[in-house]
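Visitor: I would like a close look at one part of this chain. Please take me through it slowly, and then show me what surrounds it.

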Amino acid sequence: MCKLFINADPELWVSRTHSLRIDGMVTSVRMENAFWHVLAELAERDGMNLPQMITRLYHESIDAGHDLGNFTSFLRVCALRYLELQLDGDVPRDTRVPIASLNADRILASKPCEAVMPKVITKARH
């Protein structure tokens, strides 16, 4: 089992810091390259660069009333959620399909109210 993970490209777990400006404030976000790659793909799907998409996620989350005390964790969860939705078939793997073109309400209605990736955690315990 472990061979599948330990033979991954070590560059994926190297942390990298990105600085960006949100509402005039400069902020730095440090994450592993694997997360940056997923977030970059997500941004590209909707014709945005990484800072644009991160700023949009920030604003939409604040507008929804979320407390983003740990913004880096929020971005990691966004990356994991994107991958989970792809695995479930709710988001096409074809990256030419923009996320904005998907019916988010329909996708969310088909999901039970549960934490992100609980089935993975539940399966790991068995």
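My part is helix α4. How far apart are its end C-alpha atoms, and what should its 17 residues span at 1.5 Å a residue?

Guide: Some ground rules come before the helix. This is a predicted model, so local features need pLDDT of at least 70 and side-chain atom pairs count only at pLDDT 80 or more, while totals for chains, interfaces and linings use all residues. Residues are numbered from 1 along each chain as its sequence is written, and side-chain values use heavy atoms, leaving out hydrogens and water.

Now your question. The 17 residues of α4 should span 24 Å, and its end C-alpha atoms are 24 Å apart, so the two agree. The expected span is 1.5 Å times one less than the number of residues. Helices are DSSP runs of H or I with at least four residues, strands are runs of E with at least two, and both are numbered from the N terminus.

Where does α4 sit? The chain has six helices and two strands. Their order along the sequence is α-β-β-α-α-α-α-α. Helix α4 covers 71–87. Just after α4, Gly89 takes a positive phi of about 85 degrees.

Next, look at what α4 hides. Its buried residues are Phe71, Thr72, Leu75, Cys78, Ala79, Tyr82, Glu84, Leu85 and Gln86. Buried means under 20% relative accessible area, exposed means over 50%, and partly exposed lies in between (1.4 Å probe, protein chains only). Over the whole chain of 126 residues, 25% count as buried.

Helix α4 also helps to build the largest nonpolar core. Such a core is a set of buried Ala, Val, Leu, Ile, Met, Phe, Trp, Tyr and Cys residues joined through side-chain atoms within 4.5 Å. This one has 23 residues, and Leu39, Met53 and Ile54 touch the most other members. The elements giving two or more residues to this core are β1 (15–22), β2 (25–32), α2 (33–45), α3 (50–63) and α4 (71–87). Take Met53. Leaving aside residues up to four places away in sequence, Met53 touches Leu39, Leu42, Ala43 and Met48. A contact here means heavy atoms within 4.5 Å.

Now the charges. Side chains of opposite charge can pair when their charged atoms come close. The structure holds four salt bridges. In each, a side-chain nitrogen of Lys or Arg lies within 4 Å of a carboxyl oxygen of Asp or Glu.

One of them stays inside α4. Glu84 pairs with Arg81, their closest N and O atoms 3.2 Å apart. Glu84 and Arg81 are about one helical turn apart, because three residues separate their positions in α4. Glu84 is buried at 5% relative accessible area, whereas Arg81 is partly exposed at 23%.

Another ties α4 to a strand. Glu32 and Arg76 meet at 3.3 Å, N to O. This pair links distant parts of the chain, with Glu32 in strand β2 and Arg76 in helix α4, 44 residues apart. Glu32 is partly exposed at 23% relative accessibility. Arg76 is partly exposed too, with a relative accessible area of 25%.

For a parallel, turn to helix α3. There, Arg56 forms a salt bridge with Glu60, and their closest N and O atoms are 2.9 Å apart. Both lie in α3, four residues apart, about one turn of the helix. Arg56 is partly exposed at 42%, and so is Glu60 at 45%.
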